[in-house]
Amino acid sequence: MPGETVTVFNIRSMAALGAALALAGCGGGGTGGAAATPEQTTLSAQAALGELIFKDVSLSASGRQSCATCHSADTGDAGPNSLAAQFGGALLDQPGRRSSPSIRYLASNAAFHFDAEGTPTGGFFWDGRAVSLQDQASRPFAAANEMANANVAEVIDKLSRATYAAQFKALFGADIFSRPDDAFNRMTLAIQQFEREDVRLRAFSSKYDAFLRGSAGLSEQELRGLALFTSADKGNCAACHPSAKASDGSHPLFTDFSYDNLGVPRNPELAHNADPTVFDLGLCAREGGDMSARADLCGAFKVPSLRNVALRRVFFHNGRFKTLKDTLTFYVQRDTNPERWYPLNADGSVHKFDDLPVQYVANVNTSEAPYNRQPGDAPALSDAEIDDVIAFLQTLTDGYRP
């Protein structure tokens with residue numbers, strides 16, 4: 001009856017408001033970043049130089065690709081389009097293997113390590129193989145499917161002819177270009193300094209930040225979405241994407257920097273997936289082989305921050321989904337309706353977790369909500385509740401103006 005509907009609606013709204021007020025208080029225990037909106041000060045000379053390098057397409061073999069090419073401000077400094085992976089190489093015809101992750105809110109990330117409970121944490125890139133922002137910035141310059149320089153010397157030769165080469169020498173020494181390894185180290189250090197100093201990359205200027213400061217309110221739909229996001233029996237998103245203030249009052253980063261194996265469906269859009277024997281195993285197979293003995297980590301990828309997630313064009317390490325609606329629907333229906341997401345075997349059964357070799361299927365997270373369900377069960381979130389969560393996620397976009 002209409003009266004009953006209104007009563008249920010009000011109870012839900014009150015419950016959501018109660019949860020929201022609790023999150024807005026201090027001591028939420030989440031992974032935090034900043035207590036207030038940081039103000040942009042003038043970049044240091046090193047950081048200003050790093051910004052020029054970050055945006056310089058001349059440092060690539062193609063002459064058309066820079067760091068900023070694959071990390072666009074329009075998408076929260078993630079990939080600029082809906083391609084599962086970007087193209088690189090001297091002719092920009094070499095396909096990438098993974099989606100471009102956002103580089104925002106990484107300044108407080110740490111090198112890869114196992115925490116006190118043995119949980120893999122930190123690191124940069126989807127598999128955590130880089131130990132710092134500087135290390136991360138250094139990798140694309142000589143990667144064959146990215147900026148595709150032959151070696152460090154080739155990068156520095158290009159840098160020595162850049163319009164800002166005199167600034168580089170003024171900062172690092174007149175003879176710096178005669179020492180390519182040192183010059184490359186200073187170049188990537190400058191990029192790191194830019195990523196640390198530029199407030200745009202750690203703005204904490206979303207509507208949700210304003211809500212946490214008490215200077216803005218959330219709509220009823222956004223409050224419902226927040227309650228569903230944090231509920232351990234519903235979305236359970238906050239288990240990996242903390243949404244509460246940290247104990248020091250700093251605002252949440254919406255990632256705990258950990259890793260998870262979600263059994264994301266194989267993406268035929270990625271060129272290497274044309275070979276059915278090729279699998280991207282993530283953490284256990286990363287460059288260097290330091291995790292090769294940890295078969296339990298095969299299929300695990302970094303948990304990204306959800307800040308600015310509504311701006312992104314692709315989702316997950318393999319870019320399998322293009323919209324938040326499809327992404328969240330996969331989360332809650334992966335186990336209740338697997339036929340929607342995975343191909344069928346010859347006998348008509350569902351080939352679930354088709355982007356993992358059979359020996360690693362047991363690594364997939366099936367114990368936590370919303371994954372702890374079976375075919376025929378009701379999904380943890382209804383379609384309307386998914387829309388509520390999306391409404392909340394849209395409050396995480398930087399640049400909010402009342």
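**Exercise 1. How much space lies in the largest cavity, and which residues line it?**

Before starting, some ground rules. This is a predicted model, so local features need pLDDT of at least 70 and side-chain atom pairs count only at pLDDT 80 or more, while totals for chains, interfaces and linings use all residues. Residues are numbered from 1 along each chain as its sequence is written, and side-chain values use heavy atoms, with hydrogens and water left out.

Step 1: get the terms straight. On a 1 Å grid over the protein atoms alone, a cavity is a set of points where a 1.4 Å probe fits but cannot get out; a pocket is an open set with protein on both sides within 12 Å along at least five of seven lines; lining residues have an atom within 4 Å of a point. Grid points are joined across faces, edges and corners, and a volume is the space filled by probe spheres set on the points.

Step 2: run the search. The whole structure has 4 cavities of 30 Å³ or more, and the largest cavity holds about 760 Å³ of space. Its lining has 48 residues, with His241, Leu262, Pro304, Phe316 and Tyr331 closest to the centre.

Step 3: assign the lining to elements. Helices (H or I, at least four residues) and strands (E, at least two) are DSSP runs, numbered from the N terminus. E6, helix H10 (324-333) and H11 each give at least two residues to this lining, and H10 gives the most, with 5 residues.

Step 4: sort by class. Ala, Val, Leu, Ile, Met, Phe, Trp, Tyr, Cys and Pro count as nonpolar, Asp, Glu, Lys and Arg as charged, and the others, Gly among them, as polar. That gives 29 nonpolar, 13 polar and 6 charged residues for the largest cavity.

**Exercise 2. Describe the second largest cavity and the largest pocket.**

Step 1: the second largest cavity. Its space comes to about 210 Å³. There are 18 lining residues, and those closest to the centre are Pro101, Ser102, Leu106, Pro304 and Ser305. The classes split into 9 nonpolar, 5 polar and 4 charged.

Step 2: the largest pocket. Here you find about 820 Å³ of space. Of its 37 lining residues, Phe125, Arg129, Pro140, Asn145 and Glu146 lie closest to the centre. Helix H3 (67-70), helix H4 (133-138) and helix H7 (180-197) each supply at least two of the lining residues, and the largest share, 3 residues, comes from H4. By class, the pocket lining has 17 nonpolar, 10 polar and 10 charged residues.

**Exercise 3. Which parts of the chain do the salt bridges Arg98–Asp280, Lys207–Glu222 and Lys234–Glu385 link?**

Step 1: set the cut-offs. A salt bridge is a side-chain nitrogen of Lys or Arg within 4 Å of a carboxyl oxygen of Asp or Glu. Buried means under 20% relative accessible area, exposed over 50%, partly exposed in between (1.4 Å probe, protein chains only). The whole structure has 26 salt bridges.

Step 2: take Arg98 and Asp280, with N to O at 2.8 Å. Arg98 sits in the loop between strand E2 (94-95) and strand E3 (113-114), and Asp280 in the loop between strand E5 (259-260) and strand E6 (301-302), 182 residues apart. Both Arg98 and Asp280 are buried.

Step 3: take Lys207 and Glu222, with N to O at 2.9 Å. This pair joins helix H8 (residues 207-213) to helix H9 (residues 220-230), across 15 residues. Lys207 and Glu222 are both buried.

Step 4: take Lys234 and Glu385, whose closest N and O atoms are 3.1 Å apart. Lys234 is in the loop between H9 and E5, Glu385 in helix H11 (residues 383-393), and 151 residues separate them. Lys234 is partly exposed because its relative accessible area is 24%, whereas Glu385, at 16%, counts as buried.

**Exercise 4. Is Pro370 buried or exposed, and what is Pro370 in contact with?**

Step 1: locate Pro370, in the loop between H10 and H11. Its relative accessible area is 5%, so Pro370 is buried.

Step 2: list its partners. With contact meaning heavy atoms within 4.5 Å, and leaving aside neighbours within four places in sequence, Pro370 is in contact with Lys234, Gly235, Tyr331, Val332 and Ala380.
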